[in-house]
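Trainee: I have a structure to go through before the group meeting. Could we take it in short questions?

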Amino acid sequence: QVQLVESGGRLVQAGESLRLSCVASGGSFSSWAMGWFRQAPGKEREFVAAMRWSGDIYANSVKGRFTMSRDNAKSTVYLQMDSLKIEDTAVYYCAADDPDVAGAGSYDYWGQGTQVIISS
């Protein structure tokens, strides 16, 4: 059974940095494309960043401030968030696109999320 577990979310002030982690278990992590999404209160979930087979992708709202990386030996993906803004406040989710499950192109596994709160 595949599990994704996020951690690292907490309350920080605007302008500070935070690194989120997502540890995967139960599957072939190195073959997956990985993504980060977030959902702010009262808003729909939105894409943040992804490491896909074709390259890395970032939402315009985080480009230049957030950096995604992965360590296949640790089955872990990271989201380094710098110059945080109040509007970055959200629950952050990691997700995995397993090409062996319904083909590539959709995220098949999701974590439970980690809360990030940015204060002024």
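Trainee: What share of the accessible surface of the protein belongs to carbon and sulfur atoms?

Mentor: Keep in mind that this is a predicted model. The accessible surface comes to about 6,100 Å². The part belonging to carbon and sulfur atoms is 47%.

Trainee: Which radius of gyration does the protein have, and why does it agree with a compact globule?

Mentor: The C-alpha trace spans about 45 × 30 × 25 Å along its principal axes. For 120 residues, a compact globule would have a radius of gyration near 14 Å, so the value for the protein agrees. That value is 14 Å.

Trainee: How many strands are in the protein?

Mentor: There are zero helices. Read along the sequence, the pattern is β-β-β-β-β-β-β-β-β-β-β. The number of strands is 11.

Trainee: Which percentage of the contacts with a separation of 6 or more comes from residues 24 or more positions apart?

Mentor: As background, 40% of the 120 residues count as buried. Among contacts with a separation of 6 or more, the share from residues 24 or more positions apart is 57%.

Trainee: How far apart do the centres of the positive and negative side chains lie?

Mentor: The protein has 11 positive side chains and 13 negative ones. The centres of these two sets lie apart by 5 Å.

Trainee: How many of the six residues of strand S8 are buried?

Mentor: Buried here means under 20% relative accessible area. S8 covers residues 76-81 and is largely enclosed by the rest of the structure, because most of its residues pass that test. The count of buried residues in S8 is five of the six.

Trainee: Which residue in S8 is the bridge partner of both Val-23 and Asp-71?

Mentor: Strand S3 (residues 18-25) runs antiparallel to S8, and six bridges join them. Strand S7 (residues 66-71) is also antiparallel to S8, again with six bridges. On the S3 pairing, Arg-19 stands opposite Gln-80. Val-23 and Asp-71 each have as bridge partner Thr-76.

Trainee: Which side chains of strand S1 point to the buried face?

Mentor: In a regular strand the side chains alternate between the two faces of the sheet. S1 (residues 3-7) shows that alternation, with Gln-3, Val-5 and Ser-7 pointing to one face and not buried. The side chains on the other face, which are buried, are Leu-4 and Glu-6.

Trainee: What is the bridge partner of Glu-6 in S3?

Mentor: S1 and S3 run antiparallel and are joined by five bridges. Within S3, the partner of Glu-6 is Cys-22.

Trainee: Which residue in the turn between S7 and S8 has a positive phi?

Mentor: Most residues other than glycine have a negative phi, and most peptide bonds are trans. S7 and S8 form a hairpin with four residues between them. The residue in that turn has a phi of about 50° although it is not a glycine, and it is Ser-75.

Trainee: Where does Ser-83 lie, and what is its relative accessibility?

Mentor: Ser-83 also has a positive phi of about 50° without being a glycine. Ser-83 lies in the loop between S8 and strand S9 (90-97). Ser-83 counts as partly exposed because its relative accessibility is 42%.

Conventions: Residues are numbered from 1 along each chain as its sequence is written. This is a predicted model: local features need pLDDT of at least 70, side-chain atom pairs count only at pLDDT 80 or more; totals for chains, interfaces and linings use all residues. Side-chain values use heavy atoms; hydrogens and water are left out. Helices (H or I, at least four residues) and strands (E, at least two) are DSSP runs, numbered from the N terminus. The radius of gyration is taken over C-alpha atoms; the globule rule is 2.2 Å times the number of residues to the power 0.38. Buried means under 20% relative accessible area, exposed over 50%, partly exposed in between (1.4 Å probe, protein chains only). Contact means heavy atoms within 4.5 Å. Accessible areas come from the Shrake-Rupley method with a 1.4 Å probe; for residues, only the protein chains shown count as cover. Lys and Arg count as positive and Asp and Glu as negative; His and the chain ends are not counted. The place of a charge is taken as NZ of Lys, CZ of Arg, CG of Asp or CD of Glu. Two strands pair if DSSP finds at least two bridges between them.
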